[in-house]
Amino acid sequence: MLELRQVSYRYPQAASPVLEDLDFTVADSRLGIIGPNGCGKTTLLHLLVGLLRPDRGELLCHGQPVRSRADLRALRREVGFLFQNSDDQLFSPTVLEDVAFGPLNLGHSPAEAAEIAVHTLENLGLHGFEERITHRLSGGEKKLVALATILAMRPKLLLLDEPTNNLDPQTRQRLIDILKNLDLSQVIISHDWNFLDHTTTALYALEEGRIHRCDAAQIHVHRHLHRAGDHPHHHHP
Ligand code: ADP
C-alpha cells in the first residue's frame, strides 16, 4: 500500500543523510521496525506519511507517486499516525472534542462525529472519558485517547512511533490487547522487543540508512536470550 523507492533524506542542518537510497514497502500486515537510537526510524515514518519529503526518490501510495497536495490528502485519509509524543496529537479542551475532530473534518455532522467518538472511546475501554480535560490525563490515558483520535477516522493502515515509551505496564498491556484485536495493517517502531513480539508478525531492522528483514531464526534466538521479556535494548542482527 505504501512504498518508499530509492529514498534519500538529509535534515537541512545535518552533515550527512539519515537515509540513503532506501527501498521499503509496507505490505498488508503487521510490521515491526527496530534499530538503534538515532538511526532514522522516526524519519522513516515521517517520510511514509509525507510529513517529510524525500530529497531523492519517491513515496508511492497504491503504486501511484504522492506528489500533489491532493495525493497527500488521499494518503492521509487512509493512513493514521500515532506520534511518539501524545501532546503533538491532542489539542482540544475535552476528550470528546479531540476524538470527534477527525470525523468532523471528514464531513460528518456534529451529531455523527460525536457518536463515532463515543463509540471509538467505548471500543478502547475509555467509556466515561468524554468530558475529561485532555491536558490533565495521565501519559497512558493520553496515548489511548490519541489512538482513539486516529481510529475515529477509520484508517486502513496505522503507523505507531515508539508507542510504549513512558507507558505504565498496565497501559502497555492494554495497548497490546487493543492492537492485536484491530483488524488493520500496522507498522510499529519500537525498541520494546517483547511488545513487537506480541503485536507484529514481521520484523525489519534499520541500520546505517538501510533496512532489511530479520528472519525468524534471529527472533527465535532472541526469545531464548531474553525470556524475561521486556527490558528495553537494541538488537543487531
Ligand atoms: P530514531 O527514530 O531512529 O531514533 P530519528 O529518525 O529521530 O531516529 O533521527 C535520525 C537522525 O536525524 C538522528 O541523528 C537525529 O539526531 C537527526 N534528526 C532528527 N530530527 C532532526 C531535525 N529536525 N533536524 C536535524 N536532525 C534531526
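I take helices and strands as DSSP runs, numbered from the N terminus. With that settled, I place Glu208 in the loop between strand S9 (202–207) and strand S10 (210–214). The model I am reading is a predicted one.

**Entry 1. Two loop residues**

I looked up phi for Glu208. It is near 50°, a positive value in a residue other than glycine. I keep in mind that most residues other than glycine have a negative phi. Is Glu208 buried or exposed? Glu208 has a relative accessible area of 79%. The cut-off for exposed is over 50%, so Glu208 counts as exposed.

I then turned to Asn166. Asn166 is not a glycine, yet I read a positive phi of about 60° there. I find Asn166 in the loop between S7 and helix H6 (169–181). Its relative accessibility is 78%, so I log Asn166 as exposed.

**Entry 2. The ligand site**

Which residues are around the ligand? I list Tyr11, Gln13, Val18, Pro36, Asn37, Gly38, Cys39, Gly40, Lys41, Thr42 and Thr43. Sorted by class, this shell has four nonpolar, six polar and one charged residues.

I checked distances from oxygen atoms of the ligand. One pair puts a ligand oxygen 3.0 Å from a polar backbone atom of Gly40. At Lys41, a polar backbone atom is 2.9 Å from an oxygen atom of the ligand. At Thr43 the partner is in the side chain: an N or O atom there is 2.5 Å from a ligand oxygen. On its own the ligand has 560 Å² of accessible area, and the protein covers 57% of that.

**Entry 3. Lys41**

I stayed with Lys41, which sits in helix H1. Its relative accessible area is 7%, so I log Lys41 as buried. Where does the side chain of Lys41 find polar partners? One is the backbone oxygen of Gly35, which lies 2.9 Å from a polar atom of that side chain. Another is the backbone oxygen of Pro36, at 3.2 Å from a polar atom of the Lys41 side chain.

I set aside residues up to four places away in sequence and looked at what Lys41 touches. The list is Ile33, Ile34, Gly35, Pro36, Glu162, Ile189 and Leu206. I followed up Leu206. Lys41 and Leu206 are 165 residues apart along the chain, but 7.0 Å separates their C-alpha atoms.

**Entry 4. Lys142**

I looked up a second lysine, Lys142, in helix H5 (residues 139–151). Lys142 is at 14% relative accessibility. Buried means under 20%, so Lys142 counts as buried. Which side chain joins that of Lys142 in a polar contact? I find Asp87, with the contact at 3.0 Å. Leaving out residues up to four places away in sequence, Lys142 touches Ser86, Asp87, Leu90, Thr134, His135 and Leu137.

**Entry 5. The two sides of helix H2**

Which residues of helix H2 (residues 69–78) are buried? I note Leu72, Leu75 and Glu78. They cover an arc of only 125° around the axis, so they are on the same side of H2. On the other side, I find Arg69 and Arg73 exposed.

I then asked what covers the buried residues of H2. The cover includes strand S1 (2–9), helix H1 (41–48) and strand S4 (56–61). It also includes strand S6 (79–82) and strand S7 (157–161). I cross-referenced helix H1 to my Lys41 entry, as Lys41 has its place there.

Technical notes
Residues are numbered from 1 along each chain as its sequence is written. This is a predicted model: local features need pLDDT of at least 70, side-chain atom pairs count only at pLDDT 80 or more; totals for chains, interfaces and linings use all residues. Side-chain values use heavy atoms; hydrogens and water are left out. Buried means under 20% relative accessible area, exposed over 50%, partly exposed in between (1.4 Å probe, protein chains only). Helices (H or I, at least four residues) and strands (E, at least two) are DSSP runs, numbered from the N terminus. The arc is that of the directions from the helix axis to the C-beta atoms. Contact means heavy atoms within 4.5 Å. A residue is near a molecule or strand if one of its heavy atoms lies within 4 Å of it. A polar contact is a pair of N or O atoms within 3.5 Å; within protein, one must be able to donate a hydrogen and the other to accept it, and residues adjacent in sequence count only if both atoms are side-chain atoms. Accessible areas come from the Shrake-Rupley method with a 1.4 Å probe; for residues, only the protein chains shown count as cover. Ala, Val, Leu, Ile, Met, Phe, Trp, Tyr, Cys and Pro count as nonpolar, Asp, Glu, Lys and Arg as charged, and the others, Gly among them, as polar.
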